[in-house]
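Okay, thanks everyone for coming. I'll walk you through one model today, so have the structure up on your screens and stop me whenever you like.

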Amino acid sequence: MTNYRVSKSGTLRTALLTGAAAMVLTSFPAMAQSSQSTSGADALTEIVVVGSRLRRDVFNSPSPVQVINREESVLAGLVSTGDLLQQSGVTSGASQLNNAFGGFVTNGGPGANSVSLRGLGSGRTLVLINGRRVMPSGTRGSVGATDLNTLPNAIVERIEILREGASSIYGSDAIAGVINIVTQTNIEGVTAEGQFTRPFDEGGEQARASIVGGTSGDRWQVAGSLEYYQQMNLTLDDRDWTRCNLDYQRNPTTGASVDFVDPITGQPKCYPITGTGSNGVTINTLGTASIAGIGAAGSVSPGTTSNFNRWRPNAGVTTGLPGFEGVGGGTNNINVRDTFDPRTLNRSLLSPVKTYNFFGQASYELDEDGAAEVYAEFLYSRRESWQTGYRQLSLDYSQTSPLVPANLQGRGANFGSLLHTGNGLRAFIGFGNDKSEQEVEFYKGTGGIRGDLKFVPNWRYDFNVTHADSEGSYKQQSFLTDKTRNSVNVVTAPAGFNSALVRPGANGVGVTCAINLTNPAENCIPAPILNSQTIGGVLPQDWVKYMFRDVVGNTTFRESTAALNMDGPIFELPAGMVQMAIGAEYRESKIDDTPDPNSVAGNLLNLTTSAPTRGKDHVYEIFSEVEVPLLKDLPLVEELTFTGSGRYTEYDSYGSDWTYKVGGNYRPAKWMAIRSTFGTSFRAPALFEQYLGTTSGFLSSQADPCNNYGAVNNPNLAANCRAEGLTPTYQATQSVQVNSGGGRANGVEAETSENFAIGTVIQPELPDGMGEFSVAVDYFDIKIDNSVTRLGGTEILSRCYNSAEFRSGAPLCRLVSAREAGTNRLIISDSFTNIASSITTGLDYNIRYETDVGPGDVTINGQLTQFFKQKSKTFPDQPYDEYNGALNTPEYTLNADLTYRYENWKFRYGFEWVASMDSYELLGLNPATDLRIAKVPSYDLHNFSVQYKAEDWGMTVGVRNAFDKEPPKISSGLVGAKASYSRVGNSPIYSGYDFYGRRVYVNVSKTF
């Protein structure tokens, strides 16, 4: 992709609006406007559109290209380039990684935002600025996609979106499509702009301020932008629909709620805001061996004696276990346990973020006729993001510890504690809020030279070198295992010992940490006595400061690129000139993620370990593209053009490959065109997929396939469990450890895909006064093979233990360790590998109608995407699982807008719609009998705005989500072998839903 050239007297903006009729979100494919052009001094002489490296004087690509004008995005109330790219009109309703995922483990780390076209993943969508790659950035080891926070906004001219494979043009990652951010040129003067968005409810405000300026001389020009953006905190307490997390279950016959009613409040019980409902983490609870005591209200024996192993402090209880009432154990109803703490509502619903962005560009013509030009670009971005979370602390005491009161001495159970040996007691403490922070600085510099090849007429060249660097740090707070262990391992303090390190024991005698006697420099603070105050989360701050520490890691990602592109005519046919582009590219990338030493050492209590991620890769590529006009100006053949492209790629990591793409553009009449492409694409494994440092995680003990295997009619499973010496009634007590890492050692290779598209564009010539009408319909079919993925611990265990060969020959059993002696714990190795496949098919419908109405004119745009298939499978011998129409993968999405223009005024109405979604079948649930709700109704948003533009200033005022539509609700516990769904409050975490609520925005700009 090369540059744009426009005559001195015209502007690129005017030419593009004439030639492409660009519009926000529902923009019509560029080819649909190919019959329009400018003439005279303002003619658009040469243009390169995303999806090709050939210059054209009209939009006539065989691929449908969506063009979004940045000025129209202001009218729609979109605050940043990232907001615009994550709208369903761009993504076809696919779920996107945004600021709602701050509390999850995601690629790029918390605070990173990315875009996924066709729902195929952000790593399969290539992002460019002015035709050149934007490198991945973020924090932690899994950095593999462009962070939208790095992109400029105010200086953007337009955004071009190609939603089909284009690896033969651009190389790796362009499987689902390509997004090209095109910046303004020929800027004269300075424009200051500010925008503020304010929800009607508290929280979630957005502010942006920018300055764009430029100047030029006869042979040079320089321009740049400086921007500040802030997304303010939006907490769970700020919205009604996130304040009480229910199971949200209904009687399938009557529709009445069957949620647990708290006997204390008489209302449906609110659980921790983790999306898990009654399976949420317990707090304010004590774990013991099964012993007799008085049951709490709501248990199976309220006010009477029964056996329990979970207890809640109650000073009114004087018998059984004095000071405690039973809330769990055996068949007792665990819902009576305390699970809710008002501090959980301080958690971030949307991560706060601040970004600082500078973009600069300059060029200088080396000779007077402009035959050669040197140019440079520089992008700098800084992101500061943070999230407020909530932590539970499972604090284990030895049952004989001096910190344990006499009535609890000897009443412990085996919790498999990391803090002591033998039996103990566990305090489930609501510790309170914690904070995670990320800072990422991103640099991207480009220098190049472009111009005419003097020895080949009408050929141009563009050679450029780019270097990008991302430097990130990430901080979280964690309990350190060694220091927590030190603090509960206490002994009687010697006489005269340092009083600052002595605390009263349960019997009133002073105690200190045992380590203080052998290593006084440790300055260990003893843990608090096990009592109702400690269980309730009232903790000494000097002890918290000792064992709860900041944990800091650092991530760097670097990429350097050198690229040469040449294009021009090669010979002429009766139908026109044959055009060709050839070029080469070299690219090298390097990642280095260094977690905190405590994380590497496995010293984070109840959190996963992380090893460093370090690796590099480089690639050499050559490519070519050709366009051949076959026929023109014949009966039933106004135009027939063939296009073809090919690329040879050689990666250091996995070897070489070829990709190609062929296409055609047939216009039987001036008002109709038919276009089609077929091609292959690939995605090289991201560096983290090759080199990710081993990270340990855990599955519940219930994931052990041998649990109670005698009750299951499965001969293979029974034989395999017996072979390990397990009884038919075996019940695992240890969690299953899953070690995940990169796949380089196992030979992970590139993904491959095939992409077919065919469509038609119709632009009938209407009678005078009827306006202009265009419609386009495009079919797409994308198949991906050898997808890079991790199999998942549950899948590995199931296929190993259900196989006839088991450890003597089942391939996946080599990933499952022999059981640990004494504990029978399983350890799984789950690295990235090539195995999965997916198929995505559907139709894009685009319409545009423009006509005069009264003293002004009206434009109506509409874009509907209909998916036929969104299915995938993990193993070749599996059937495909169909996700189309399931939760978070809608079958239909619609974006439409109506804009009325009168003199300097614009009035806009926007409509966004997502079809209903249903996951009952995918999860194997029967809606006629299951209490859980796995279906959501259709969802729509309505937006209104008005804009006034004078010669040197403008103002836009509008409201988004005018009717304050809340996200729909689903039940907790929607987990199956094929899918699982996370919630916030009672709603699925899905980027197609509006978490802000109704909000008003004001944008003001002034040009000097």
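One bit of vocabulary before we look at any sheet: I call two strands paired if DSSP finds at least two bridges between them. And keep in mind that this is a predicted model.

So, with that in hand, go to strand β12, residues 285–294. This strand is joined to β13, residues 305–313, by six bridges, and the two run antiparallel. If you want a spot to click on, take Leu286, whose bridge partner in β13 is Trp311. Then carry on to the next neighbour: β13 is also joined to β14, residues 324–328, through four bridges, and that pairing is antiparallel as well. There, Pro313 has Phe324 in β14 as its bridge partner.

Let's zoom out for a moment. The protein chain has 14 helices and 45 strands. Its radius of gyration is 31 Å, close to the 30 Å that the globule rule gives for 1008 residues, so the chain is as compact as a globular protein of that length. Along the principal axes, the C-alpha trace spans about 100 × 65 × 65 Å.

What about the inside and the surface? Of the 1008 residues, 57% count as buried. The chain exposes about 39400 Å², with carbon and sulfur atoms supplying 54% of that area. For contacts between residues at least 6 apart in sequence, 72% join residues at least 24 apart. On charge, we have 82 positive and 101 negative side chains, and the centres of those two sets lie 6 Å apart.

Now a helix and a small sheet. Helix α6 covers residues 481–488, and it's mostly covered: six of its eight residues are buried. Which residues of α6 are the buried ones? They are Thr481, Lys483, Thr484, Asn486, Ser487 and Val488, so yes, there is a lysine in that list.

For the sheet, look for three strands in the order β20-β22-β21; it's an open sheet with antiparallel pairing. β20 (490–492) and β21 (503–504) are the edge strands, each pairing on one side only. Between β20 and β22, residues 510–513, there are three bridges in the antiparallel sense. A handy pair to display is Thr492 with its bridge partner in β22, Val511.

I'll finish with two single residues. The first stop is Thr355, in strand β16, which takes in residues 353–365. Is Thr355 buried or exposed? Its relative accessible area is 8%, and the cut-off for buried is under 20%, so Thr355 is buried. Leaving out residues up to four places away in sequence, Thr355 touches Asn149, Glu227, Tyr228, Tyr229, Arg382 and Arg383.

The other stop is Ser829, which sits in strand β33, residues 827–831. Here the relative accessibility is 33%, and since partly exposed runs between 20% and 50%, Ser829 counts as partly exposed. Which residues is Ser829 in contact with, once neighbours within four places in sequence are set aside? Those are Asn739, Ile796 and Leu815. And if you'd like a distance to try on your own screen, go from Ser829 to Thr253: they're 576 residues apart along the chain, and their C-alpha atoms are separated by 45 Å.

That's what I had, so over to you.

Technical notes:
Residues are numbered from 1 along each chain as its sequence is written. This is a predicted model: local features need pLDDT of at least 70, side-chain atom pairs count only at pLDDT 80 or more; totals for chains, interfaces and linings use all residues. Side-chain values use heavy atoms; hydrogens and water are left out. Buried means under 20% relative accessible area, exposed over 50%, partly exposed in between (1.4 Å probe, protein chains only). Contact means heavy atoms within 4.5 Å. The radius of gyration is taken over C-alpha atoms; the globule rule is 2.2 Å times the number of residues to the power 0.38. Accessible areas come from the Shrake-Rupley method with a 1.4 Å probe; for residues, only the protein chains shown count as cover. Lys and Arg count as positive and Asp and Glu as negative; His and the chain ends are not counted. The place of a charge is taken as NZ of Lys, CZ of Arg, CG of Asp or CD of Glu.
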